[in-house]
Amino acid sequence: MASVTSLAASIQQRVSAALAAAVPSADGADPLLRRSDRADFQANGVLGLAKRNKANPRELAATVAAALPVDDLIAEIEVSGPGFLNISVADTAITANLAARAADDRLGVPPAARPGTTVIDYAQPNVAKEMHVGHLRSSVIGDALAKILEFGGEKVVRRHHIGDWGTQFGMLVEYLLEHPHELDHTESARDDAGEASMSRLDRIYKSARALFDSDEVFKDRARRRVVDLQAGDPETLALWQRFVDESKIYFYSVYDKLDMEIADEDIVGESGYNDMLVETCDLLEKAGVAVESNGALCVFFDDIKGKDGEPVPLIVRKADGGFGYAATDLSAVRDRTGNLHADTLLYVVDARQALHFRMVFETARRAGWLTDEVTAKHIPFGTVLGKDGKPFKTRGGETVRLEDLLVEAIERATAVVREKGEGQGLTDEEIEARGSEVGIGAVKYADLSTSLGRDYIFDLDRMVSLNGDTSVYIQYAFARIQSIIRRSGDARPVAHPELPLAPAERALGLLLDEFGAVLDSTVETYEPHKLAAYLFQVASAFATFYEQCKVLDDANAPEVVENRLFLCDVTARTLRQGLTLLGIRTPERL
């Protein structure tokens, strides 16, 4: 494992040293380096430095430029405008840096120098209920963040805070007690088992609800069963556990389709914190963080008020003695910081819960459960919309089942792969497999390429298109490279730093060198769309390179063929690593 310093970082160091040499008091000054369309990079830091030192900016820029020798790193430097430095990188440096990256399994991206422990809360379906389109975003974003953080060396603890507790279980358990064979089933394939499990759960829920609404005697028994459940009655808990286990079969089948791995030990639902709830409330009350108000235990905030100007509290314990989401979430904070020793807590939850988490985090800080050494962050996401710009629903106005959505995406993608793959010699089995990889990838990428907090329109026609900002476009770029390598015969990817680079080669090489910096930026803000956007840029730059720089051309000298195959190889590895971190497959033939 070798860490490779990016070209941007190397130039940054050079310019910073030149600034310090020109103005000794500027030691450590930021040169404000950025990519430019006038050169490879532009440094704008001279302007601010000249202003602070009452110097002429162009003269200072000229002094700095003179201190930057043209060598194997910098090919050209010029002063432009009021005092900008336009810097062009040497072709030799681009190829040599990529060669160093290619020699490393991680493409020269080092793990974090001081990794910590992050608990990430995502993928939170509800027991005995079907997963719908609203569950997609938390699952996909959380899975990508976990993969990206782990690649950076972070210890990641996944937590799936499923909805497995509440008054509705009194109704369900009582019905199952009186109809004990409703959840019986035989072994079957995992996907079939998942569908069958949901069918059984849905049938029980509808039957129990109908009986609850029509039979007052059953309603009374169901309400008493809630008391038994909360009191820990063994028979009631055993029946409740059957609902949880049956639901997990369904959850696993849906996540299999979504190509996501969910480990049983990572599923810690609301019920997992039941034993902590009373103590959590007692600690808050004794510390003076929470107070009684109209019989409920509440936490108040000076800056959070309703439309009427009255304070809006966080209700930790209800007036009837029951516990709400706040008590469970606060207990989870205690567990994750105290027992799991996390220094970062991430919650990948709907943007509409922003106020709730703001109140929970502030309460936890007042109680001392979140210290200055611990970061707690809500990762918000917007709503999935239909083509009409409204929340995505079926024609009948129902919430779209996630499983139906995934099946349709796979079917659409399979049709595209079949049409495109007719000349590729793919078998029907291969087409089906590629269709699944492309369809699920398309769904994930549409979600991950959307910036946090924003809504997006779910449009399968656009998602599975070979044109535009889609995962299919990126996957196709990867598959095209594999095709080139298969057709390369005896030629091998070999870097030749001594060769001059064409403009398209330079553009692609400079972009590939940014991979580590993009990952750093993605981790810094927990925004996967930055990585998605970068991969699309790489695929687009490769398309230009492919069009302008023939790779397997008989007119090319052998070293040119090898160098271009080398660029292809590093591009493919970068696309594969990036898509893998987003949870998207890279089929080698499309």
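**Exercise 1. Find how much space the largest cavity holds, and say what lines it.**

*Solution.* The largest cavity encloses about 70 Å³ of space. Keep in mind that we are working with a predicted model. Next, list the lining: Val416, Val417, Lys420, Gly421, Val438, Leu466, Val472, Tyr476 and Leu590. Now look at the elements: α13 (402-420) and α16 (471-486) are those that give two or more residues to this lining. Of the elements, α13 gives the most, with three residues. Finally, sort the lining by class: seven residues are nonpolar, one is polar and one is charged.

**Exercise 2. Count the cavities of 30 Å³ or more, then describe the second largest cavity.**

*Solution.* The count comes to three cavities of 30 Å³ or more. For the second largest cavity, the volume is about 50 Å³. Its lining is made up of Ala123, Pro125, His160, Ile162, Phe251, Tyr252, Tyr255, Ile262 and Ile267. By class, eight of these residues are nonpolar and one is polar, with no charged residue.

**Exercise 3. Place Leu73 in the fold and decide whether Leu73 is buried or exposed.**

*Solution.* Start with the location: Leu73 sits in the loop between α3 (57-66) and β3 (74-80). Then take its relative accessible area, which is 11%. Buried means under 20%, so Leu73 is buried. For the surroundings, set aside residues up to four places away in sequence; Leu73 then touches Leu7, Ser10, Ile11, Arg14, Ser88, Val89, Ala90 and Ala93. As a last step, try a distance: Leu73 and Ser540 are 467 residues apart in sequence, and 26 Å apart in space from C-alpha to C-alpha.

Note on methods: Residues are numbered from 1 along each chain as its sequence is written. This is a predicted model: local features need pLDDT of at least 70, side-chain atom pairs count only at pLDDT 80 or more; totals for chains, interfaces and linings use all residues. Side-chain values use heavy atoms; hydrogens and water are left out. On a 1 Å grid over the protein atoms alone, a cavity is a set of points where a 1.4 Å probe fits but cannot get out, and a pocket is an open set with protein on both sides within 12 Å along at least five of seven lines; lining residues have an atom within 4 Å of a point. Grid points are joined across faces, edges and corners, and a volume is the space filled by probe spheres set on the points. Helices (H or I, at least four residues) and strands (E, at least two) are DSSP runs, numbered from the N terminus. Ala, Val, Leu, Ile, Met, Phe, Trp, Tyr, Cys and Pro count as nonpolar, Asp, Glu, Lys and Arg as charged, and the others, Gly among them, as polar. Buried means under 20% relative accessible area, exposed over 50%, partly exposed in between (1.4 Å probe, protein chains only). Contact means heavy atoms within 4.5 Å.
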